[in-house]
Amino acid sequence: MEAQSRSIPFENIDVVCGKTISIVRSDIARKLIDEQRGGYCWELNALLQMALEALGFEVTPLMCRVRWNKPSDADGPVSTYTHMALRVVQRGEAWLADVGFSGVNSMTPLGYVYEVEQKRPEGTFRISREGDYSALQLSVKGAWSSLYKWRDEPAALCDQEAANWYSCTFPTARFTTSFFVCRVVGHERHHILNGEYCVREGHGADRATTKRRIRDEADLRDLLAAVFGLCLAAGAHPGLGRYLTK
């Protein structure tokens, strides 16, 4: 998990440029490995799933409702299934693994146990019960905040395909309306959100950050190449800078 987080960035460049995302396994491997690109959760966690299965692990994909920075869902869901995480079993012991929740996820797996605080470099996490759901929570300033929640059942491939299609095509979906890039470099997390470049010192959500505006598309391309390892061919991604002024 840590090696993938450090070498393959989270990014939605193709979505921003109006392309649909394939989650066919051969397409994911070609894009993320052969072409040295990044991706979002449907791609990143699928790649991790492929690697873990090749090593003999039992892996179950989980469809998740994102709760981080979302309004209360006390009266019912306010977000659909736009994230995927993995339940991994090794020698009878279950773990939660996720390399596709940009910015605040742990780079190491979490024990798949309930109401147990688990300290990681990124912060203190726990898996909690929320009605019929399990929820991954992060301790922020002394309070527990849910990152996402899921039902403990395997995510069928057809459901993954539908959720991925929504994520990369629906006009008001998170990834069709904003530009994201994230990568772990040393002890820092580097982010681009629309027209802002941010560096977080350390891995916790409450760590000190420095920010600056991205000047133009040339500046953006330079950052993508130098910091995130994304060397994009000139003219190959029309619309790349469309959210710089957002």
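Helices are taken here as DSSP runs of at least four residues, numbered from the N terminus. In this predicted model, helix H4 covers residues 41–54, and Trp42 lies within that helix. With a relative accessible area of 2%, Trp42 falls under the 20% limit and is therefore buried. Leaving aside neighbours within four places in sequence, the residues in contact with Trp42 include Ile23, Ile28 and Met63, the run formed by Tyr81, Thr82, His83 and Met84, and also Gln160, Ala163, Asn164 and Ser167. Among these partners, Ser167 is joined to Trp42 by a polar contact between the two side chains, at 3.4 Å. Along the chain, Trp42 and Gly235 are 193 residues apart, and their C-alpha atoms are separated by 26 Å.

Strand S11, which spans residues 188–193, contains His191. The relative accessible area of His191 is 14%, and this residue is therefore classed as buried. When residues up to four places away in sequence are not counted, His191 touches Ser102 and Gly103, Val181 and Cys182, the group Glu196, Tyr197, Cys198 and Arg200, and Phe228. Asn194 is placed in the loop between S11 and strand S12, the latter formed by residues 196–201. Although located in a loop, Asn194 counts as buried, at 8% relative accessibility. The side chain of Asn194 reaches the backbone nitrogen of Phe179 at a distance of 2.9 Å. Phe179 also appears among the contacts of Asn194 beyond four places in sequence, together with Ser178, Ile214, Tyr243, Leu244 and Lys246.

Helix H6 comprises residues 217–226, and its buried residues are Asp219, Leu220, Arg221, Leu223 and Leu224. These buried residues pack against helix H2 (13–16) and against strands S10, S11, S12 and S13. At the N-terminal end of H6, Asp216 acts as a cap, with a side-chain oxygen 3.3 Å from the backbone nitrogen of Ala218. The segment after H6 includes Ala233, which is partly exposed, with a relative accessible area of 47%. Ala233 and Leu110 are separated by 123 residues in sequence and by 38 Å in space, taken from C-alpha to C-alpha.

The structure holds zero disulfides. Cys158 takes part in none, and the nearest cysteine sulfur to it, that of Cys168, is 16 Å away. Cys231 is likewise in no disulfide, the nearest cysteine sulfur being that of Cys17, at 16 Å. Cys158 is exposed, with a relative accessible area of 53%, and Cys231 also counts as exposed, at 66% relative accessibility.

The largest pocket encloses about 930 Å³ of space. It is lined by 33 residues, of which Trp68, Asn69, Ser102, Arg174 and Phe180 are the closest to its centre. Two or more lining residues are contributed by each of strand S3 (81–90), helix H5 (157–169), strand S10 (180–185), S11, S12 and strand S13 (209–213). By class, the lining of this pocket is made up of 16 nonpolar, twelve polar and five charged residues.

In addition to the pocket, the count of cavities of 30 Å³ or more comes to two. The largest cavity holds about 130 Å³ of space, and its lining consists of 16 residues, with Ser5, Phe10, Val99, Asn105 and Cys182 lying nearest its centre. Helix H1 (2–7) and S10 each supply at least two residues of this lining, and S10 gives the most, with three residues. Eight nonpolar, six polar and two charged residues make up the lining of the largest cavity.

About 50 Å³ of space lies in the second largest cavity. The residues that line the second largest cavity are Met1, Leu96, Asp98, Asn105, Ser106, Thr108, Leu110, Leu136 and Tyr148. By class, this lining has five nonpolar, three polar and one charged residues. Asn105 therefore appears in the linings of both cavities, because its atoms meet the 4 Å lining limit in each.

Definitions and conventions
Residues are numbered from 1 along each chain as its sequence is written. This is a predicted model: local features need pLDDT of at least 70, side-chain atom pairs count only at pLDDT 80 or more; totals for chains, interfaces and linings use all residues. Side-chain values use heavy atoms; hydrogens and water are left out. Buried means under 20% relative accessible area, exposed over 50%, partly exposed in between (1.4 Å probe, protein chains only). Contact means heavy atoms within 4.5 Å. A polar contact is a pair of N or O atoms within 3.5 Å; within protein, one must be able to donate a hydrogen and the other to accept it, and residues adjacent in sequence count only if both atoms are side-chain atoms. A disulfide is a pair of cysteine sulfur atoms within 2.5 Å. On a 1 Å grid over the protein atoms alone, a cavity is a set of points where a 1.4 Å probe fits but cannot get out, and a pocket is an open set with protein on both sides within 12 Å along at least five of seven lines; lining residues have an atom within 4 Å of a point. Grid points are joined across faces, edges and corners, and a volume is the space filled by probe spheres set on the points. Ala, Val, Leu, Ile, Met, Phe, Trp, Tyr, Cys and Pro count as nonpolar, Asp, Glu, Lys and Arg as charged, and the others, Gly among them, as polar.
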